[in-house]
Amino acid sequence: MSPLSYTLAVFVFTTVCNADRPTVEISTGTLIGTVEEFSSEFVDGTRTVHVYRGIPYAEPPVGDLRFAPPKPKTPWQGEYDASDFRTACIQPDIPMVPIDKIQNEDCLHLNVYVPQPQSDNAPVMFWIHGGGFVIGSGTRMYESTILSSLNDVIVVTINYRLGALGFLSTGDDVASGNYGLLDQVEALRWVQQNIAVFGGDPNTVTIFGESAGSVSVHYHVLSPLSKGLFKRAIMQSGTATMNWFFQSDTSKTNKIAHGQGKLVGCEKDNSKELIECLRTVPAEKFRDSTGIIENPTTIADIMVPFPPNMDGKFVNDDPIDATREKASNGEELMIGTVADEGMEFLFLLEYSVNETMYQTMYPTFVPDKNQAVLDVIKLIYVDWDHADEQDANYLSALSQMVGDMMFVCLADVVARAHHETGHSTYMYHMTHVPVQSIRPIKFDTVQHADDVGYVFGYPLLTENQLVLGGDGTTLIKWIPNEVDVNVSLQIMKYWTNFAKTGNPNRSSASDEDNNDDWPLFTVPGLAYKQLSLSMENSNALKARECAFWNQFEPKLQQSVDTCDNSEEYKFSKEVNAP
């Protein structure tokens with residue numbers, strides 16, 4: 001789940017250097033921010049934003065606060081310089097994935113972007129970054145000046161703990177896990193307590209995120225601890241019902257925690273001694289646990305070793321059960337995906353997958369499925385018009401299968417459940433292929449996380465630089481083009497309209513209710529918006545494929561397993577008969 005990240009060319013955003021820096025008084029002390037000016041050939045005038053960066057919302061999670069819920073920040077004396085981003089949380093260095101390299105365990109900070117002139121009761125958009133709960137940050141990765149300034153919304157971006165430091169659990173009360181999600185709750189509480197002094201409305205907070213950030217948003221929609229902390233939610237390519245991002249087996253989490261202990265020299269006999277030892281280990285030693293945790297645990301196929309888990313506090317129920325039971329905080333929901341989600345996991349294959357590779361690979365994405373299920377998957381996704389050709393390419397078949405199973409069809413389940421709560425639901429599917437790719441390999445498809453840049457308005461930049469974060473190493477320059485700009489402007493308008501009114505078609509309550517532009521998702525209507533240059537409407541997204549994954553596949557798996565068990569029982573009786 002890569003958090004595709006950008007840092008902006010210095011001559012696009014101008015920091016106004018004078019003695020009149022903005023000042024606000026929050027619950028913990030005085031903040032001194034900066035004034036940023038944004039201009040572009042694609043919009044009229046110069047826009048101004050007051051930005052407050054690196055605000056601590058909790059005490060540093062070190063010492064006894066490591067592997068513990070966040071503690072609210074205590075007041076400080078004097079003025080706090082909020083002109084610069086602070087450090088990202090500890091995370092691994094993953095090849096070809098841009099991350100912020102300036103890291104520290106003391107990382108629980110947030111950033112606030114306030115459009116000028118400042119208004120009272122402005123809507124607030126609270127961004128939760130993605131990265132598989134392993135990488136990412138709310139610092140340089142998601143500069144929000146454009147989104148805020150062009151659309152008159154306050155934007156808040158945050159850091160939260162990642163990897164072992166954010167999600168390690170011993171499966172008991174000693175270390176219950178989910179600290180990264182509890183960090184998000186604490187940041188939301190900070191917003192409720194402080195956003196009014198920035199001109200924001202604490203009663204009009206929209207949480208939005210992509211990938212693991214979207215998974216987080218869904219958890220907040222379901223969790224009792226998040227009740228009353230936001231009004232609306234936008235989920236971009238991720239749900240809490242993804243198998244990779246939930247663990248209910250406490251014995252497994254305990255075993256992985258002890259495996260982490262072995263990696264860093266804390267091989268102990270019980271949870272209490274383990275956590276006491278782990279709290280003394282330098283934070284940097286937790287950086288690379290994800291890729292090597294299988295060795296000391298002897299547990300094979302650990303895709304995400306430290307996911308959210310059933311802690312009995314933030315997560316009380318299996319997210320699948322909670323979704324089906326229509327548990328829901330907040331009101332309106334926007335949810336969506338992009339056209340080629342699965343390519344995120346296949347980009348190293350470059351352009352081709354032959355039949356032999358396909359036959360080997362596709363069962364690995366659906367482990368523990370019986371042969372009947374595997375055969376139906378192949379029937380649905382293989383392009384049978386060309387399957388017998390010697391140079392047939394199975395890459396699309398593989399990508400679409402992964403994307404539907406992990407993203408599109410799980411979003412369908414969540415959208416249907418939310419519709420049944422009686423609250424407005426909007427669905428989208430991004431089909432616009434970026435004119436320019438920021439990826440090392442271009443596939444001419446729209447892939448996982450490609451929507452993020454459009455939401456934050458990056459195509460409007462005169463020059464856009466993709467960097468490794470912090471050290472300023474430029475990898476690629478993005479030359480703006482009118483097509484991407486127009487798509488981005490419309491997407492930003494939809495997102496911020498939704499934050500303002502709960503309806504992507506209306507920027508204020510006085511606007512005409514034009515649901516013909518983006519219709520509600522209903523059952524049986526199943527309407528959704530195609531995010532493309534033409535912004536067309538359609539319905540029944542991947543209906544056949546989602547009927548298979550959400551209805552028929554579980555029944556087929558169960559029925560065949562039942563038959564197999566019956567045959568084994570019959571065989572056992574015959575063998576053991578006197």
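This passage walks through a few helices, a small set of paired strands and a surface patch in a predicted model. Numbering starts from 1 along each chain as its sequence is written. Local features need pLDDT of at least 70, side-chain atom pairs count only at pLDDT 80 or more, totals for chains, interfaces and linings use all residues, and side-chain values use heavy atoms, with hydrogens and water left out.

Helix α10 spans residues 371-381; helices (H or I, at least four residues) and strands (E, at least two) are DSSP runs, numbered from the N terminus. Its buried residues are Val-373, Leu-374, Ile-377, Lys-378, Ile-380 and Tyr-381, where buried means under 20% relative accessible area, exposed over 50%, and partly exposed in between (1.4 Å probe, protein chains only). These residues sit on the same side of α10 because they cover an arc of only 165 degrees around the axis, the arc being that of the directions from the helix axis to the C-beta atoms. An α-helix has 3.6 residues a turn, so residues three or four places apart point the same way. At the N-terminal end of α10, Asn-370 acts as the cap, with a side-chain oxygen 3.2 Å from the backbone nitrogen of Ala-372.

Over in helix α5 (residues 250-263) we find Gln-260. Gln-260 is buried, at a relative accessible area of 0%. Leu-278 is 18 residues away from Gln-260 in sequence, and their C-alpha atoms are 8.8 Å apart.

Next come the strands. In β17 (residues 527-531), 5 of 5 residues are buried. Both faces are covered, with Ala-527, Lys-529 and Leu-531 on one side and Tyr-528 and Gln-530 on the other. Strand β17 runs parallel to β14 (residues 425-430), joined by 3 bridges, and antiparallel to β18 (residues 537-539), again through 3 bridges; two strands pair if DSSP finds at least two bridges between them. On the β14 side, Met-430 has Leu-531 as its bridge partner, while Lys-529 stands opposite Asn-537 in β18. The hairpin of β17 and β18 has 5 residues between the strands, and Met-535 takes a positive phi near 50 degrees there.

Finally, the surface. Val-435, Val-483 and Leu-533 make up a nonpolar patch with about 230 Å² of accessible area together (Shrake-Rupley method, 1.4 Å probe; for residues, only the protein chains shown count as cover). Patches are made of residues with over 30% relative accessible area and no salt bridge (a side-chain nitrogen of Lys or Arg within 4 Å of a carboxyl oxygen of Asp or Glu), with nonpolar side chains (Val, Leu, Ile, Met, Phe, Trp, Tyr) joined within 5 Å and like charges within 9 Å. Val-483 belongs to helix α13 (residues 482-501) and is partly exposed at 32% relative accessible area.

Note on methods
Polar contact = N/O pair within 3.5 Å; in protein donor to acceptor, adjacent residues only side chain to side chain.
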